[in-house]
Amino acid sequence: MGEFNFNVYNVLILAGIIHGFIFSLIIFLNKNLNSKTNYFLAFTILSLAFSNLQYWFIDTGIIPRHKYDNNNLLFIPFEFLMLPFFFLFVKSYLDKKIKRHEYILFIPFLLSMIYLLVRNFLNDDLAIIKIFNLVVEYISIIFSMTIIVLVFRLLIVYQKSHSKYNIYDVTIKTQWLKRILFLGILLCVLWGISLSIFKNLFNEGYYYLYPLWIGMSILIYWIGYSAILQKHLYQERKEIRSKISLKSYEKSLIIAKEEKSATYSKINTFIIDSKLHLDPSLSLKTLSKKLSLSEGYISQLINKNSSLNFNDYINSLRINDAKAMLTNIEYENYTIIAIGLEAGFNSKSSFYTAFKKLTGKTPIEYKKGVRNM
């Protein structure tokens, strides 16, 4: 029996694998997480974990490497499952209907399984089989890159269709998905480099694949926690949005069309009643167009009467809304991040920075201070 090969790297890889299994199991068993979106997420993570696990067994020597080298093992091509499941996850996450023809993305997996099964029953030249295996690996890289492009296209189409703020609809955050896709691209490039360059630098073992496997372990953590967090925030924001009264908003639109005379109090009332400050992309130019007034005139009125520049003035309105929610028992069960986003801030950091600047406290400190009064 050969010696086992355990080192800090494959221990880290194993930690990622175990985490992937536990995370997926929690999704399947926790009723609060049962949804089509989360199931696709779990299958994505399981594919990543199983892919790493197969190679981990060989790298550590638990399964003798010669069995793999001589094609005496049936290796399931999980690399053809990761991205198709991720594609379906993204569609479901964006509340897009999954079309039947999109399941053709799983055909490469089926074809590769057929190839592997047939190959095991043939006594072809081992060198030829190794060449075919290498070709399959490069095809899987190209296939993965193609699906990443498709997912990017999905995100771009979604962002274009939600480019304008709609008070009746919560826009799903997609920036975190783009970051994951960029990491996916880097891993695909690393995969190709490992096969074509790094492999020639190492005569023994799978050390040339360690960066790729560790990268996949990081991906398991990142996708898992980000997806659950972002979906939870989205659900919270939808609930918070449904609690916000829109009667004053609809009334203010009529008033704005009928009345063109402008004073600070009228501009202030219009912004608050129409809830323009809840739009994270609100700018002085946008407000100028809505009021048919010059940017300079509006800026002058706001600065003169509030002693704040336009950005701080809008942030002060957002913070007032956030304060009201933070101290209202009706919003007790919602996270501070969700409240900040629904108050009009586009990120946790911008919310905390503005809140600290204008109140001298963080949102958490303010909430605790009010409770202790």
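Helices here are DSSP runs of H or I at least four residues in length, numbered from the N terminus, and in that numbering K275 sits in the loop between α10 (264–274) and α11 (284–291). The model on screen is a predicted one, and the tour starts at this loop.

**Loop residues with positive phi**

Select K275 and look first at the backbone: phi is about 60°, a positive value, although the residue is not a glycine. Most residues other than glycine have a negative phi. The relative accessible area of K275 is 14%, and since buried means under 20%, this residue counts as buried.

Move next to S292, in the loop between α11 and α12 (295–306), where phi is again positive, near 55°, in a residue other than glycine. Is S292 buried or exposed? With a relative accessible area of 53%, S292 is exposed, because the class of exposed residues begins over 50%.

A third loop residue to select is S347, which is placed between α14 (336–342) and α15 (348–359). S347 is partly exposed, at a relative accessible area of 25%. Add P280 to the selection and draw a distance between the two C-alpha atoms: S347 and P280 are 67 residues apart along the chain, and their C-alpha atoms are separated by 9.2 Å.

**The whole chain**

Now zoom out to the protein chain, which has 16 helices and 0 strands. Of its 373 residues, 45% count as buried. Among contacts in the chain with a separation of 6 or more, 74% are between residues 24 or more positions apart.

**Helix α8 and its partners**

Select helix α7 (residues 175–201) together with helix α8 (residues 210–243), whose axes lie 11 Å apart and pack at an angle of about 165°. Angles over 145 degrees count as roughly antiparallel, and α7 and α8 are therefore roughly antiparallel to each other. The crossing in which α7 passes α8 is left-handed. To display the contact, show the side chains of W176, R179, I180, L183, L187, L190 and W191 on α7, and on α8 those of P211, L212, M216, L219, W222, I223, S226, A227 and Q230, with G215 of α8 also taking part. By class, this contact of α7 with α8 comprises 13 nonpolar, 3 polar and 1 charged residues.

Keep α8 selected and replace α7 with helix α4 (residues 79–93). The axes of α4 and α8 come within 13 Å and cross at roughly 15°; under the 35 degree limit for roughly parallel helices, α4 and α8 are therefore roughly parallel to each other. Here too the crossing is left-handed, as α4 passes α8. The contact is made by M82, F86, F89, S92 and Y93 of α4, with M216, I223, A227, Q230 and K231 contributed by α8. These residues of the contact of α4 with α8 divide into 7 nonpolar, 2 polar and 1 charged.

From there, select T37, which has its place in helix α2. Which residues does T37 touch, leaving aside those up to four places away in sequence? They are F89, S92, Y93 and K231, and each of these four names also appears in the contact of α4 with α8. T37 is buried, with a relative accessible area of 7%.

**Aromatic pairs**

For the last stops, colour the aromatic rings, which form 25 pairs in the structure. A pair of aromatic rings is described by the distance of the centres and the angle of the planes. Select F6 and W56: their pair is tilted, at 6.1 Å centre to centre and 55° between the planes. F6 lies in the segment before α1 (8–29) and W56 in helix α2 (residues 36–60), so the pair ties together parts that are 50 residues apart in sequence. F6 is partly exposed, at 48% relative accessibility, whereas W56 is buried, with a relative accessible area of 8%.

Next select F345 and F351, a tilted aromatic pair with 5.2 Å from centre to centre and 45° between the planes. F345 counts as buried at 3% relative accessibility, and F351 is buried as well, with a relative accessible area of 1%.

To finish, select F28, Y39, F43, F85, Y103 and F106, which ring pairs link into a cluster.

Technical notes: Residues numbered from 1 in each chain as written. Predicted model: local features only at pLDDT ≥ 70, side-chain atom pairs only at ≥ 80, totals over all residues. Heavy atoms only, no water. Axes fitted to C-alpha atoms, helices over the stretch in contact; angles between N-to-C directions. Helix = DSSP H or I, 4+ residues; strand = E, 2+ residues; numbered from the N terminus. Parallel < 35°, antiparallel > 145°, perpendicular 65-115°, else oblique. Left-handed = near helix turned anticlockwise from the far one by under 90°. Contact = heavy atoms within 4.5 Å. Nonpolar A, V, L, I, M, F, W, Y, C, P; charged D, E, K, R; others polar. Phe/Tyr/Trp six-rings, centres within 6.5 Å; stacked < 30°, edge-to-face > 60°. Buried < 20%, exposed > 50% of the residue type's maximum accessible area, 1.4 Å probe, protein only.
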